[in-house]
Amino acid sequence: MAPSSSAKQLVAVAVVAFLLAAASSRRQPVHLRLYMHDVMRGPGTTAIHLIHGVGPPHDVERGAYFGDTAAIDDVVTEEPDPGSRAVGRAQGTYMLASQHEEVLTVAITVALTAGLYNGSTFSVAGRVGVYDDKAEAAVVGGTGRLRRAAGYLTWRMVELVVSEKYVMVELDVHMSVPPVSAAGGNWWSSLLRSIN
């Protein structure tokens, strides 16, 4: 007895569904090395205190208090030179999250304004040691060509100029994104549009 046409269609749908599921699991790696320039005083200020001195004095960091929180709108470059071409902005907050350690909790979105990912963003959240050689934080999402980004970055202080209230942080970003169609959406959306 030959299989009915509805049975053949069911098998075909199952095979296509399997292939689509397998294809969707192949994420594309993205690696970026960026430098965030935090300026806390002067005409080019990019970081301000939102909360300062409300909590108890910090055990280690002189002049700091548990819970101190800053808002940032830092210039992001591809080179460590602060005068090099800007490729984006790091915008968000960081907070002194430990009473006894020099630890920040960060919630930052990096908005890229040049290069391959111009107009895209990725978001970072996590706990980073201020003076750790390489602290890690999570990449928890993104938009544009970095939509649904996931991964991690290492956060390393490259330069600290206390008198100028200037900090440069290297962000070594390792993330992946779902495959993107030429139309800018994901392949599943494109397939559904072509069927309808």
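Which residues make a nonpolar surface patch of about 390 Å²? In this predicted model, the patch is formed by Ile48, Leu50, Ile51 and Val54. One of these residues, Ile48, belongs to strand 2. Ile48 has a relative accessible area of 48%, and because partly exposed residues lie between the 20% and 50% limits, Ile48 is classed as partly exposed.

The overall fold may be described next. The protein chain contains two helices and nine strands. Read from the N terminus, the order of the elements is α-β-β-β-β-β-β-β-β-β-α. Of the 196 residues in the protein chain, 37% are buried.

The model also has a pocket to consider. The largest pocket holds about 820 Å³ of space. It is lined by 28 residues, and those closest to its centre are Met40, Glu61, Tyr94, Val130 and Val167. The elements that give two or more residues to this lining are strand 1 (28-39), strand 2 (47-51), strand 3 (69-77), strand 4 (86-96), strand 8 (150-161) and strand 9 (166-177). Strand 8 provides the largest share of the lining, namely four residues.

The table gives the lining of the largest pocket by class.

| Class of lining residue | Number in the largest pocket |
|---|---|
| Nonpolar | 19 residues |
| Polar | four residues |
| Charged | five residues |

Strand 2 thus appears in both descriptions: Ile48 of the surface patch is found in strand 2, and strand 2 (47-51) is among the elements that give two or more residues to the lining of the largest pocket.

Conventions: Residues numbered from 1 in each chain as written. Predicted model: local features only at pLDDT ≥ 70, side-chain atom pairs only at ≥ 80, totals over all residues. Heavy atoms only, no water. 1 Å grid on protein atoms, 1.4 Å probe; cavity = no way out; pocket = protein on both sides within 12 Å on 5 of 7 lines; lining within 4 Å. Points joined across faces, edges and corners; volume = space filled by probe spheres on them. Nonpolar A, V, L, I, M, F, W, Y, C, P; charged D, E, K, R; others polar. Patch = residues over 30% accessible without salt bridge, like charges linked within 9 Å, V, L, I, M, F, W, Y side chains within 5 Å. Areas by Shrake-Rupley, 256 points an atom, 1.4 Å probe, with all protein chains shown as cover. Salt bridge = Lys/Arg side-chain N within 4 Å of Asp/Glu carboxyl O. Buried < 20%, exposed > 50% of the residue type's maximum accessible area, 1.4 Å probe, protein only.
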